[in-house]
Amino acid sequence: MLRQLADPANAITGTGLALSVIGISLTLAGRPEAGVAVTLWALLADHLDGVVAKRTRGRAVETGEVGKNLDSLADLVSAGIFPAVTLIVVGQGSLLSIVAAATLVLASALRLSYFNVFGSPGGRFIGVPTTYAVPLTAILFLLRPLIAEQVFPLFFAAAVIVLAVLHVAPLSVPKTQGAMYAVVTAFCVASSLLLASRTLG
């Protein structure tokens with residue numbers, strides 16, 4: 001079983017999953033900005049593992065299937081559980097934060113399960129991909145200094161609920177490809193560095 005992690009793509013996915021756990025631990029330790037900064041790198045791992053998988057020659061079919069399911073589990077942690085935990089921490093366990101967090105995790109799990117069964121017909125996703133939750137969370141925390149402290153948890157919860165609805169909505173969303181990979185990478189690196197600098201300041 002562990003030999004599946006010797007596959008380069010699966011190793012990258014596993015690394016992303018570990019980074020998400022670190023991000024959650026930082027948030028629980030009262031350092032959500034640092035948690036977001038770390039989890040952005042999990043998003044980068046999610047984009048990179050697919051590229052590596054396609055370029056790995058002689059990759060066994062079973063290894064690919066394991067990688068597909070591992071990727072979905074990693075996405076659930078980084079884009080479902082991490083934002084949910086962060087929201088509950090920021091919202092200090094309010095009923096709204098818990099309901100919004102649970103809604104996001106459920107929608108993320110359903111969206112990922114649907115994808116594993118039906119794939120992406122016509123090269124397009126059905127429903128907004130779960131990974132969008134990571135940059136959304138990053139953007140909210142980048143804007144946090146501009147939002148009143150008592151309003152931020154409400155704003156965060158509302159954004160999470162809207163995204164959860166979009167996860168399971170019958171929308172056709174194009175896949176990330178070409179120049180968009182560079183845009184996503186640049187955003188993740190820049191946002192991560194900026195958020196990390198705030199925690200050190």
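Q: Before we look at anything, what does "buried" mean here?

A: A residue counts as buried when its relative accessible area is under 20%, and as exposed when that value is over 50%. Keep in mind that this is a predicted model. Now try helix H4: Ser97, Ala100, Ala101, Leu104, Ala107, Ser108, Arg111 and Leu112 are its buried residues.

Q: What do those buried residues of H4 pack against?

A: Three elements do the job: helix H3 (61-90), strand E1 (124-126) and helix H6 (152-168).

Q: How far does H4 reach from its first C-alpha to its last?

A: H4 takes in residues 95-118, which is 24 residues, and it reaches 34 Å. At 1.5 Å a residue you would expect 34 Å, and the helix is close to that. Just after H4 comes glycine 119, with a positive phi of about 70°.

Q: How should I read a positive phi?

A: Start with the general habit: most residues other than glycine have a negative phi. Glutamine 92 goes the other way, with a positive phi of about 55° although it is not a glycine. You'll find glutamine 92 in the loop between H3 and H4.

Q: Is glutamine 92 buried or exposed?

A: Exposed, because its relative accessible area is 75%.

Q: Let's step back. How many helices and strands are there in the chain?

A: The chain has 7 helices and 2 strands. Reading from the N terminus, the order is α-α-α-α-β-α-α-β-α. The radius of gyration is 17 Å, close to the 17 Å the globule rule gives for 201 residues, so the chain is as compact as a globular protein of that length.

Q: What else can I say about the chain as a whole?

A: Along its principal axes, the C-alpha trace spans about 55 × 40 × 35 Å. Of the 201 residues, 43% count as buried. The accessible surface comes to about 10300 Å², and 71% of that belongs to carbon and sulfur atoms. For contacts, take residues at least 6 apart in sequence: 78% of those contacts join residues at least 24 apart.

Q: Which residues is isoleucine 24 in contact with, leaving aside its neighbours within four places in sequence?

A: Those are Val77, Ile81, Phe82 and Val85. Isoleucine 24 lies in helix H1 (residues 8-28), and it counts as buried because its relative accessible area is 14%. Look at its partner isoleucine 81: the two are 57 residues apart along the chain, yet their C-alpha atoms are separated by 8.3 Å.

Q: How do I read aromatic pairs?

A: Look at two things, the distance between ring centres and the angle between ring planes. The count here comes to 5 aromatic pairs. One of them joins tyrosine 114 and phenylalanine 118: the pair is tilted, at 4.4 Å centre to centre with 35° between the planes. Both residues lie in helix H4, 4 residues apart, or about one turn of the helix. Tyrosine 114 is partly exposed, at 38% relative accessibility, while phenylalanine 118 counts as exposed at 54%.

Q: Why is the pair of phenylalanine 141 and phenylalanine 152 edge-to-face?

A: Planes over 60 degrees apart count as edge-to-face. The planes of phenylalanine 141 and phenylalanine 152 are at 75°, with ring centres 5.3 Å apart, so this pair fits the label. Phenylalanine 141 lies in helix H5 (residues 133-143) and phenylalanine 152 in H6, so the pair ties together parts 11 residues apart in sequence. Both phenylalanines are buried. Ring pairs also bring in Phe156, so that Phe141, Phe152 and Phe156 form a cluster.

Q: Which residues touch the most other members of the largest nonpolar core?

A: That core has 37 residues, and the ones touching the most other members are Val36, Leu40, Leu87, Phe141, Phe152, Phe156 and Leu195. Helix H2 (32-55), H3, H4, H5, H6 and helix H7 (179-200) each supply at least two residues of the core. The contacts of phenylalanine 141 beyond its sequence neighbours include Val36, Phe152, Phe156 and Leu195.

Q: What covers the buried residues of H5?

A: The cover includes H2, H3, H6 and H7. Among the buried residues of H5 are Ala133, Val134, Leu140 and Phe141.

Q: One last residue: why does histidine 167 count as buried?

A: Its relative accessibility is 1%, so it falls under the cut-off. Histidine 167 lies in helix H6, and its contacts beyond its sequence neighbours include Leu104, Ala107, Ser108 and Arg111. Those four residues are among the buried ones of H4.

How values were computed. Residues numbered from 1 in each chain as written. Predicted model: local features only at pLDDT ≥ 70, side-chain atom pairs only at ≥ 80, totals over all residues. Heavy atoms only, no water. Expected span 1.5 Å × (residues − 1). Buried < 20%, exposed > 50% of the residue type's maximum accessible area, 1.4 Å probe, protein only. Contact = heavy atoms within 4.5 Å. Phe/Tyr/Trp six-rings, centres within 6.5 Å; stacked < 30°, edge-to-face > 60°. Core = buried A, V, L, I, M, F, W, Y, C linked by side-chain atoms within 4.5 Å. Rg over C-alpha atoms; globule rule 2.2 N^0.38 Å. Areas by Shrake-Rupley, 256 points an atom, 1.4 Å probe, with all protein chains shown as cover.
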